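Work through the following exercises with the sequence and the model open beside the text. Each task is followed by a solution that proceeds one step at a time.

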Amino acid sequence: MATKPGERRLQILQTLATMLEAPQGERITTAALAARLHCSEAALYRHFASKAQMFEGLIEFIEQSLFGVINRIAGEEEDGLRQAEAVVGLLLSFAQKNRGMTRVLTGDALVHENERLQARINALLDKLEAALKQALRIAATQGQLKADADFAALANLLRCYVVGRWEQYARSGFAREPLALWPAQWPMLYCACLSQAPAGI
């Protein structure tokens, strides 16, 4: 029974993501992808104009998944610092559950691919940092941080922490899980945020 075009596209993306989970992190070719799907390379190109477009499909999935939850966090959690904690926890959890996507987020899977893919990941990371910065600004309006706190520096610190945990996860062959030290490390990051709190807090 033939699959619908949309279903086949999804199957291709799911297979690509699964292949990216290989700990050795070898570059994936369309020939290898086609072999895994038991089809020809020409069949792949009936659904995607290029391999870069396949990776763009994965990046779109990442964007929709992350920002769907981030928007929900912003709508449901009023406390600014708890928003920041929830967003960072989400980013670590997403990577731990989606190994192949982690290699896309770190750019490891994009080496030797079209440069616009890395540019798109950079833009995604900037959007995530902006979401963290907004949560910290909310914390300031709630008196948790000084009004003139360095929100940009704090948001970048949280971003670098997340990316560092992603990198460690991917480079360890997915042995060093991003959430492993999270319960102990969030209080440390929280204290870094509180260093920007008003006197007496």
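**Exercise 1.** Determine whether His-112 is buried or exposed, and say where His-112 lies.

Solution. Begin with the cut-offs: buried means under 20% relative accessible area, exposed means over 50%, and partly exposed is in between, with a 1.4 Å probe and protein chains only. His-112 has 67% relative accessibility and therefore counts as exposed. Next, place the residue in the chain: His-112 belongs to the loop between H6 and H7, where helices (H or I, at least four residues) and strands (E, at least two) are DSSP runs numbered from the N terminus. Finally, look at the backbone, where phi of His-112 is near 70°, a positive value in a residue other than glycine.

The model is a predicted one, in which local features need pLDDT of at least 70 and side-chain atom pairs count only at pLDDT 80 or more, while totals for chains, interfaces and linings use all residues. Residues are numbered from 1 along each chain as its sequence is written, and side-chain values use heavy atoms, with hydrogens and water left out.

**Exercise 2.** Carry out the same analysis for His-38.

Solution. His-38 is found in the loop between H2 and helix H3 (41-44). Its relative accessible area is 75%, so His-38 is exposed. The phi angle of His-38 is near 60°, which is again a positive value in a residue other than glycine.

**Exercise 3.** Describe the surroundings of Met-19 in helix H1.

Solution. With a relative accessible area of 12%, Met-19 is buried. Setting aside residues up to four places away in sequence, Met-19 touches Ile-28, Ala-32, Leu-33 and Arg-36, a contact being heavy atoms within 4.5 Å. For one of these partners, Arg-36, the separation from Met-19 is 17 residues in sequence and 8.9 Å in space, C-alpha to C-alpha.

**Exercise 4.** Which residues have the most contacts inside the largest nonpolar core, and which helix gives the largest share?

Solution. A nonpolar core is a set of buried Ala, Val, Leu, Ile, Met, Phe, Trp, Tyr and Cys residues joined through side-chain atoms within 4.5 Å. The largest such core holds 60 residues, and those with the most contacts inside it are Phe-55, Leu-58, Val-104, Leu-128, Leu-136 and Leu-145. The largest share of this core, 11 residues, comes from H7. Leu-128, leaving aside neighbours within four places in sequence, is in contact with Leu-66, Phe-67, Ile-70, Leu-91 and Trp-166.

**Exercise 5.** Work out how H7 is oriented relative to H5 and to H4.

Solution. Axes are lines fitted to C-alpha atoms, for helices over the stretch in contact, and angles run from 0 to 180 degrees between N-to-C directions. Angles under 35 degrees count as roughly parallel, over 145 as roughly antiparallel, 65 to 115 as roughly perpendicular and the rest as oblique. H5 and H7 pack at about 160°, with their axes 7 Å apart, and they are therefore roughly antiparallel to each other. The axes of H4 and H7, by contrast, cross at roughly 5° and come within 10 Å, so that H4 and H7 are roughly parallel to each other.

**Exercise 6.** How many helices and strands are there in the protein?

Solution. The protein has nine helices and zero strands. Of its 201 residues, buried ones make up 44%.
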